[in-house]
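Morning, everyone. Let's get the structure up on the screen and walk through a few spots together.

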Amino acid sequence: MDWSKVHRKLAGRFRLLERRNEDGDCVIHCFGALGQTGVNNDDVRYICGFYGIPYSEDWRREETRDAGDSFYLLIKTDD
């Protein structure tokens, strides 16, 4: 895997909002160009590694209610 391509795609376009919410999800806010391109499993694996969150294929995208192209990435945690 060429992680440099993933890094360039994601750089500065995501931030951790909650490490674990009441539903057991880690909440990541994705914005900017990611609103048009979305994310895939490799992107989620990179984000999990960036924040030290155990990677899980159990993730989903949830749209935000703002006027922009941002979305939330909800990653199920095992804790």
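**A walk through the model**

Let's start small: the Asn21 side chain comes to 2.9 Å from the backbone nitrogen of Asp23. I'm calling that a polar contact, which is a pair of N or O atoms within 3.5 Å; within protein, one must be able to donate a hydrogen and the other to accept it, and residues adjacent in sequence count only if both atoms are side-chain atoms.

Quick housekeeping. This is a predicted model, with pLDDT of at least 70 required for local features and 80 or more for side-chain atom pairs, while totals for chains, interfaces and linings use all residues. Numbering runs from 1 along each chain as its sequence is written, and side-chain values use heavy atoms, with hydrogens and water left out.

Back to Asn21, which sits in the loop between strand E1 (14-18) and E2. Helices (H or I, at least four residues) and strands (E, at least two) are DSSP runs, numbered from the N terminus. Is Asn21 buried or exposed? Asn21 counts as buried because its relative accessibility is 13%; the cut-offs are under 20% relative accessible area for buried, over 50% for exposed, and partly exposed in between, using a 1.4 Å probe and protein chains only.

Ser56 makes a nice companion, in the loop between H3 and strand E3 (59-63). Its side chain reaches the backbone nitrogen of Asp58 at 3.0 Å. Ser56 is at 15% relative accessibility, so it counts as buried. What does Ser56 touch, leaving aside neighbours within four places in sequence? That would be Val44, Ile75 and Lys76, where contact means heavy atoms within 4.5 Å.

Now the strands. E1 and E2 run antiparallel, joined by four bridges, and strands pair if DSSP finds at least two bridges between them. They make a hairpin with six residues in between, and Gly24 in the turn has a positive phi of about 80°. Across that pairing, Arg15 has His29 as its bridge partner. E2 also runs antiparallel to E4, with six bridges, and there Ile28 partners Leu73. Six of the six residues in E2 are buried: Asp25, Val27 and His29 point one way, and Cys26, Ile28 and Cys30 the other.

On to the largest nonpolar core, with 16 residues. By that I mean buried Ala, Val, Leu, Ile, Met, Phe, Trp, Tyr and Cys residues joined through side-chain atoms within 4.5 Å. Among the members that touch the most others are Leu10, Phe14, Ile28 and Leu73. Which element gives the most? Helix H3, with four residues.

Phe14 is buried, because its relative accessibility is 11%. Phe14 also pairs with Tyr51 edge-to-face, 5.9 Å centre to centre and 85° between the planes. Rings of Phe, Tyr and Trp (its six-membered ring) pair if their centres lie within 6.5 Å; under 30 degrees between planes is stacked, over 60 edge-to-face, the rest tilted. The two residues are 37 apart in the chain, Phe14 in E1 and Tyr51 in H3. Phe50 joins Phe14 and Tyr51 in a cluster linked by ring pairs.

Last stop, two arginines. Arg45 lies over the face of Tyr55, 4.3 Å from the ring centre, and Arg61 over Phe71 at 3.8 Å. The test there is NZ of Lys or CZ of Arg within 6 Å of the ring centre and within 35 degrees of the ring normal.
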